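Q: I am new to this structure and would like a close look at a single part of it. Please take one loop, explain the terms needed to place it, and then set it in its surroundings.

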Amino acid sequence: MLMFTLRRLSLFFFTMVLLSMLTFSLRYFFPGDMLINLSGQINANTAELKQLAIDYKIHESIFSQYWQYLTNIFHGNLGLSMASQLPISTEISTLLPATIELSIIALTIAMVMGIPLGFIAAIYHRKKIDNIILTFAIVGHSFPVFWLGLLVILIFSIQLAWFPSAGDISLLFEIPQQTGFLFIDILLSNSPYKWQAFNSALAHIFLPASVVALAPATVFIRLARTSMMEVLETSYIQAAKTKGLSFIQIIYHHAIRNALIKMIRHIGLQFANLITFVMITEVIFSWPGIGRWLIVSIGQRDYTAIQNGLLVLSIFIFVVHIFTDFIYAALNPLAREHNHGS
Amino acid sequence: MARDKIYNEEKFPSPLQQLWFNFKQTNVAMVGFYGYMFLLILAIFSPMVMPHNAMESNLDVLLLPPAWDKQGNVSYLLGTDSLGRDMLSRLIHGTTLTFGLSFIVVIISLVIGVVLGSLSALTKGIKSSIYNHFLDVILSIPTLLLAIIIVAILGPGLGNTLWAIVISLIPQFIHITHNAVKEEFNKDYVLASRLDGASSLRILQYSVFPNIIEKIVNQATLAQSAAILDIASLGFLGFGAQSPLPEWGTMLFSDLDLFYIAPWTVYLPGLAILFAVLTTNLVGEGLRHAVKMRKEN
């Protein structure tokens with residue numbers, strides 16, 4: 001496990017260096033003045049610009065510029081947003097938690113829906129249920145997420161009026177921000193209307209999370225189905241059968257666990273896709289997250305926001321990748337060490 | 001008497017022919033295939049099939065509902081939008097933009113990806129390791145994010161977003177080709193041609209490619225369904241095709257505020273996207289099934 005950890009950490013370090021180089025190089029491509037794009041100070045006068053040039057080491061070699069860039073990131077000094085003139089770090093610290101909340105709840109819905117359906121399809125392989133689930137998976141996978149969002153708003157928010165269509169909580173509730181994660185903040189607050197606020201937040205997150213979850217859920221159905229079918233053909237399942245275990249016992253005690261382990265790896269790989277859906281869904285549901293902020297930033301030509309938003313979102317995706325890799329290795333001894341005798 | 005066959009020759013179908021033979025046997029896959037072909041032909045011949053001009057507004061027929069409605073007009077079969085443009089013609093023209101361009105995007109990234117992937121499979125050691133890590137970095141950046149950056153640099157427009165999609169699809173092709181070529185190179189038949197004195201490039205061309213083409217085609221269908229969705233989503237967000245162009249995502253966005261008055265202007269482009277992605281997925285599913293059937297036999 002130690003070797004595995006070290007290898008993963010070095011990989012993580014290496015990818016972070018590459019990623020920072022990528023975001024660093026963006027400064028040479030964005031149109032407009034580089035210093036203003038970096039600092040976000042659109043109204044700086046000549047003296048201030050001179051000071052900024054010294055701060056960002058613009059006139060020194062590319063290596064010291066890069067080093068300065070890294071130092072700034074570690075000090076949380078990401079410049080000002082060109083649109084709102086607020087520090088990027090404060091903006092991100094309020095927006096990123098909302099995105100994390102939405103993506104984690106969507107991922108949970110996708111797993112809770114997708115994996116059991118996939119297992120059922122594998123158990124009833126080539127029967128009617130299997131066909132129905134597979135059809136659902138293919139059709140669900142083909143739905144454009146923005147269209148689905150619009151239809152869902154039309155049906156559930158406007159015609160049936162079951163769920164609200166925009167924002168993350170009703171404006172009536174005033175929740176002081178502590179962690180940035182709305183649900184945690186609500187529980188921490190000592191407002192007398194805590195539970196009403198919690199219900200409101202739940203109602204607000206339900207539609208966007210379900211919309212985001214549909215496509216990943218269909219992918220999980222397919223993956224769960226394949227991995228369950230693979231497990232059911234292995235020799236230890238055959239052995240369990242010959243020992244006389246009932247079908248349900250085999251599925252519960254042997255098949256599901258082994259099939260689940262195989263799934264964990266794919267969850268990390270699906271995450272980049274999920275973030276794309278989250279970004280589009282945030283726009284449709286006016287979710288106060290980082291994806292919507294980024295998309296709006298394009299219209300406002302807010303290059304400081306774009307550069308840092310890319311960095312933060314990619315780091316988030318990488319961390320989830322590494323995290324799922326670790327869970328996979330912790331649960332599955334075959335993944336961390338080489339097979340003996342092979 | 002003349003003999004047609006001098007030798008008792010047995011003819012083996014090539015891997016691609018076998019694939020097609022297995023593919024034909026699944027009905028659902030064939031339905032998907034016909035749908036796919038229909039869209040492809042429509043995309044090529046769209047200027048000839050359009051009943052009206054897709055971009056010309058006609059103020060006499062604003063927001064006409066589809067023909068089956070009481071207020072509909074048969075000469076505007078699927079109704080008109082807020083500027084009186086014929087929906088059917090716009091959808092047909094959109095086939096070229098959304099579906100046709102996604103096809104071209106996939107071909108371009110396939111060619112680049114396969115070339116780079118086979119080259120990378122031939123390199124070894126630290127070079128290949130760095131290369132793989134670099135790919136991992138690009139692979140984990142979502143398409144939309146990449147597109148946002150390219151749009152920020154070059155400005156919005158259909159062409160710019162197409163490049164973004166090409167760039168984001170290439171790593172997957174490199175990955176698939178890299179692994180497949182590596183796998184094939186360890187097999188005995190490659191060793192046999194190597195002992196015959198064939199160079200690596202020749203082995204690639206004559207021995208390896210015919211055997212991995214099904215994996216690449218399979219990846220291409222996955223990539224195309226992603227490309228259609230990407231083109232449409234970028235159009236919807238206002239980064240891709242700009243307003244008069246009837247790209248399906250852009251159409252959906254431009255009539256969004258009329259959703260309740262004229263729902264067909266939003267339903268129809270969405271359905272078109274759904275249909276295009278669905279047929280592509282069905283073809284892909286059929287291919288995977290055919291490959292599996294062949295391996296089982």
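A: To say where a loop begins and ends, one first needs the helices on either side of it: a helix here is a DSSP run of H or I with at least four residues, and helices are numbered from the N terminus. It should also be said at the outset that this is a predicted model.

With that in hand, the part to look at is the loop of chain A between helix 4 (62-74) and helix 5 (88-123), where A:Gln85 lies. The backbone of A:Gln85 has a phi near 60 degrees, which is a positive value in a residue other than glycine. As for its surroundings, buried is the word for under 20% relative accessible area and exposed for over 50%; A:Gln85 has a relative accessibility of 31% and therefore counts as partly exposed.

A residue at the far side of helix 5 makes a useful companion to this one, since A:Arg126 is placed in the loop between helix 5 and helix 6 (128-142) of chain A. A:Arg126 is not a glycine, and yet its phi is positive, at about 60 degrees. Its relative accessible area is 57%, and because that is over the 50% cut-off, A:Arg126 is exposed.

Following the chain onward from that second loop leads to helix 6 of chain A, whose axis comes within 8 Å of the axis of helix 9 (residues 194-232) of chain A, the two crossing at roughly 140 degrees. The two helices are therefore oblique to each other, and helix 6 of chain A passes helix 9 of chain A in a left-handed crossing.

The wider setting of these loops is a chain built from helices, as chain A has 14 helices and 0 strands. About 85 × 60 × 40 Å is the extent of its C-alpha trace along the principal axes, and of the 342 residues in chain A, 49% are buried. The domain assignment of chain A gives domain 1 as 2-74 and domain 2 as 90-299, and the centres of these two domains, taken over C-alpha atoms, are separated by 35 Å.

Further along chain A comes helix 13 (residues 303-331), whose 29 residues, at 1.5 Å a residue, should span 42 Å; this agrees with the 42 Å between its end C-alpha atoms. Helix 13 of chain A is mostly covered, with 22 of its 29 residues buried.

For a view beyond chain A, one can turn to chain B, where helix 3 (residues 87-122) and helix 6 (residues 158-185) pack at an angle of about 40 degrees, their axes being 6 Å apart. These two helices of chain B are therefore oblique to each other, and helix 3 of chain B passes helix 6 of chain B in a right-handed crossing. The residues in the contact of helix 3 of chain B with helix 6 of chain B divide into 21 nonpolar, 7 polar and 1 charged.

Chain B also offers a residue outside its helices, since B:Lys11 is found in the segment before helix 1 (15-23) of chain B. With a relative accessibility of 73%, B:Lys11 counts as exposed. Its C-alpha atom is separated by 24 Å from that of B:Leu191, a residue 180 residues apart from it along the chain.

How values were computed
Residues are numbered from 1 along each chain as its sequence is written. Chains are lettered from A and ligands numbered from 1 in the order in which they are written. This is a predicted model: local features need pLDDT of at least 70, side-chain atom pairs count only at pLDDT 80 or more; totals for chains, interfaces and linings use all residues. Side-chain values use heavy atoms; hydrogens and water are left out. Axes are lines fitted to C-alpha atoms, for helices over the stretch in contact, and angles run from 0 to 180 degrees between N-to-C directions. Angles under 35 degrees count as roughly parallel, over 145 as roughly antiparallel, 65 to 115 as roughly perpendicular and the rest as oblique. A crossing is left-handed if the near helix is turned anticlockwise from the far one by less than a right angle, and right-handed if clockwise. Ala, Val, Leu, Ile, Met, Phe, Trp, Tyr, Cys and Pro count as nonpolar, Asp, Glu, Lys and Arg as charged, and the others, Gly among them, as polar. The expected span of a helix is 1.5 Å times one less than its number of residues. Buried means under 20% relative accessible area, exposed over 50%, partly exposed in between (1.4 Å probe, protein chains only). Domain bounds come from an automatic or database domain assignment.
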